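Let's take a friendly walk through some side chains and see how they pair up. Keep the structure open beside you as you read.

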Amino acid sequence: MLWLRDFIDEWFRELMIDGIVSNFTSMFDDLNVRVNDIASQVGETPSGWNSSIFNMVRTISETVIIPIAGVILTFILCYELIQMILEKNNMAEFDTFNIYKWVFKTFCAVLILTNTFDIVVGVFEIAQHVVNSSAGVIVGSLDVDIAIADLEEQLEDMGTGALVQFYIESSILQLAIRVISICVFLIIYGRMIEIYLTISLAPIPLATLVNREWGNTGNSYLKSLFALAFQGFLIMVCVAIYAVLLSTITTADSVHAAAWGTVSYTILLAFTLFRTSGLAKSIFGSG
């Protein structure tokens, strides 16, 4: 009966090892897919990420928001003209050059308003060029084959009880990684939704851009727009740091260190991605 017990024990050990390797393979593959997905998502412009949503937002903005922005622009320009006239003793000392300057300013304001979405898209195309230029340099991934090969060697030296314990632990870690991956997904896609919401109201702040007193609204909007656009670059740097940290998993001394190191680095990635929004705003002075 001893041979039967040894056979069952060996069969159970192989079952546990296969289960643990399967959990880690799935976990590492999910991480690589998520990293590559982040890199591809942040490199897209609003029109390229989802053209249907972008066209819908543009249609709504042009049919609903631009008329409101036109009214605001008319009020600002009329107020500025009246103020300019009153400052010169009801035109008693008025210089005709000021009229030409006001007409030119009006032309620039109308030009900006009618090309709002070209300006917005231009900002994100600049950021996309920066992100795409850095993507080939800083993006990496975990070599699953090397990690699993080292893992199998270490699992062979573990006892049956330790394998059962680690199988349960690896299943919990796999679930944790998936939960964190969902959080990362929400951060990346939430940024894109925020971009669409921001550009939908673009005509209103840009309508104030040429006025001295109201221009801070337009300037603040452009700063927030650049912050949103270049947040993608900060996300790429976070992913690059994460990929370097994750590559050290293949040289871990124990499977426990590899498992908990992976979870720790992924939590760190989620935290830093969440912080990129505030950091970008503080850098561009829009926070």
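## A pair within one helix

E62 counts as partly exposed, because its relative accessibility is 38% and that label covers the range from 20% to 50%. This is a predicted model, so every value here is computed from predicted coordinates. The partner of E62 is R58: the two form a salt bridge, and their closest N and O atoms are 3.1 Å apart. R58 is partly exposed too, with a relative accessible area of 28%.

Where along the chain do R58 and E62 lie? Both belong to helix α3, which covers residues 51-86. They are four residues apart, about one turn of the helix.

## A pair between two helices

Now look for K281 and E194, which also form a salt bridge. Here the closest N and O atoms are 3.8 Å apart, which is still inside the 4 Å cut-off, and therefore the pair counts. This pair links distant parts of the chain, with K281 in helix α10 (residues 255-283) and E194 in helix α7 (residues 160-200). The two residues are 87 residues apart.

Are K281 and E194 buried or partly exposed? K281 has a relative accessible area of 29%, making it partly exposed. E194 is partly exposed as well, at 28%. The count of salt bridges in the model comes to two.

## Cysteines without a bond

A disulfide is a covalent bond between the sulfur atoms of two cysteines. How many disulfides does the structure hold? The number is zero.

You can still find cysteines to look at, including C108 and C238. C108 is partly exposed, with a relative accessible area of 24%. C238 is buried, because its relative accessible area is 15%, under the 20% cut-off.

## A buried tyrosine

Finally, turn to Y221 in helix α9, which runs over residues 215-247. Its relative accessibility is 9%, so Y221 counts as buried.

Which residues does Y221 touch, leaving aside its neighbours within four places in sequence? Y221 is in contact with V120, T198, I199, A202, P205 and L206. Take L206 from that list: along the chain, Y221 and L206 are 15 residues apart. Their C-alpha atoms are separated by 7.7 Å. Try picking out Y221 and these contacts on your screen, starting with L206.

Key: Residues numbered from 1 in each chain as written. Predicted model: local features only at pLDDT ≥ 70, side-chain atom pairs only at ≥ 80, totals over all residues. Heavy atoms only, no water. Salt bridge = Lys/Arg side-chain N within 4 Å of Asp/Glu carboxyl O. Buried < 20%, exposed > 50% of the residue type's maximum accessible area, 1.4 Å probe, protein only. Disulfide = S-S within 2.5 Å. Contact = heavy atoms within 4.5 Å.
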